[in-house]
Amino acid sequence: MEQEEHDMLDGLRRLRRSLRVEAMDVMSAIERVTFGQTIADAVASVMGSWTFIIIQSTILLVWIAANVVGTMRGWDPYPFILLNLALSFQAAYAAPVIMMSQNRQQDIDRRAAENDYRINVKAELEIELLHEKIDQLREQEVLKLTEAVMRLTMLLDRATSETPSPVLELRGVVDPDP
């Protein structure tokens, strides 16, 4: 191998080692989840589920029906001010908690995308190195074939200078310009 290839391989090995070290750092950062992050993830997973939507919709329908039919007359009359207050309270606290969870997930996704990019760069470098090796092998093969053709040409020239004239006439039929 040439010095340039050795340098490229060394660079790839250094990159691979650094990626391993960074992967360990990322894993340790992911493992250190705070209590608040755990709560934010739990709230986001519950509030982002069909179960929550169905349960909340059922509670809202029961609330509205109970107030409209009049089983609890005067408790929360038609504009449903108490219901609006409860929903506003829920939205005011749920939105920031869900945003915290989404931001944490976005950070994890960003790190994963950066890792994927580095792996793709490494693969590209390795493919380029393989292309260079194949090109070198091809060049060596072409040189060997050229040498073989030159040897065969010299042998043929020697053979034609020593061959009798009928063979030369036959060669003239096959190759009119000797």
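What follows is a chat between a trainee and a mentor about this predicted model.

Trainee: What kind of model is this, and which cut-offs go with it?
Mentor: The model is predicted, so local features need pLDDT of at least 70 and side-chain atom pairs count only at pLDDT 80 or more, while totals for chains, interfaces and linings use all residues. Residues are numbered from 1 along each chain as its sequence is written, and side-chain values use heavy atoms, with hydrogens and water left out.

Trainee: What does the protein average in pLDDT?
Mentor: The average is 83, and 79% of the residues score at least 70. pLDDT is the predictor's confidence in each residue, from 0 to 100.

Trainee: Which element has the lowest mean?
Mentor: Helix α5, residues 165–174, has the lowest mean pLDDT at 55, and helix α2, residues 35–47, has the highest at 92. Where pLDDT is low, the predicted coordinates should not be read in detail.

Trainee: How many helices and strands are there?
Mentor: The protein has 5 helices and 0 strands. Both are DSSP runs numbered from the N terminus: H or I of at least four residues for helices, E of at least two for strands.

Trainee: What about helix α4, how far does it reach?
Mentor: Helix α4 covers residues 81–162, which is 82 residues, and spans 117 Å from its first C-alpha to its last. That is close to the 122 Å expected at 1.5 Å a residue. The expected span is 1.5 Å times one less than the number of residues.

Trainee: Which residues of α4 are buried?
Mentor: Among them are Leu-83, Ala-94, Val-97, Ser-101 and Arg-104. Buried means under 20% relative accessible area, exposed means over 50%, and partly exposed is in between, with a 1.4 Å probe and protein chains only. Of the 178 residues of the protein, 11% count as buried.

Trainee: And the total surface, how much is it?
Mentor: The accessible surface comes to about 14,100 Å², and 65% of that belongs to carbon and sulfur atoms. The areas come from the Shrake-Rupley method with a 1.4 Å probe; for residues, only the protein chains shown count as cover.

Trainee: Switching to charges. How many salt bridges does a search of the whole structure find?
Mentor: It finds 5. A salt bridge here is a side-chain nitrogen of Lys or Arg within 4 Å of a carboxyl oxygen of Asp or Glu. One of them pairs Asp-41 with Arg-104, with the closest N and O atoms 2.2 Å apart.

Trainee: Where do those two lie?
Mentor: Asp-41 is in helix α2 and Arg-104 in helix α4, so the pair ties together parts that are 63 residues apart in sequence. Asp-41 is partly exposed, at 23% relative accessible area.

Trainee: Which salt bridge does Glu-126 form?
Mentor: Glu-126 meets Lys-122 in a salt bridge, at 3.7 Å from N to O. They are 4 residues apart in helix α4, so about one helical turn separates them. Lys-122 is buried, with a relative accessible area of 19%, while Glu-126 is partly exposed at 27%.

Trainee: Which residues do shared salt-bridge partners join into one network?
Mentor: Asp-107, Arg-110 and Glu-114. Within it, Glu-114 and Arg-110 have their closest N and O atoms 3.7 Å apart. Both lie in helix α4, 4 residues apart. Glu-114 is partly exposed at 35% relative accessibility, and so is Arg-110 at 43%.

Trainee: Different topic: where is Asp-76, and is it buried or exposed?
Mentor: Asp-76 is in the loop between α3 (50–69) and α4. Asp-76 is buried, with a relative accessible area of 3%.

Trainee: What does the side chain of Asp-76 reach?
Mentor: It reaches the backbone nitrogen of Leu-83 at 3.1 Å. A polar atom of the Asp-76 side chain also lies 3.1 Å from the backbone nitrogen of Leu-82. A polar contact is a pair of N or O atoms within 3.5 Å; within protein, one must be able to donate a hydrogen and the other to accept it, and residues adjacent in sequence count only if both atoms are side-chain atoms.

Trainee: What is Asp-76 in contact with, leaving aside neighbours within four places in sequence?
Mentor: Trp-63, Asn-67, Ile-81, Leu-82 and Leu-83. Contact means heavy atoms within 4.5 Å.

Trainee: And Phe-80, what is its phi?
Mentor: Phi of Phe-80 is near 55°, a positive value in a residue other than glycine. Most residues other than glycine have a negative phi. Phe-80 is also in the loop between α3 and α4, and is buried at 11% relative accessible area.
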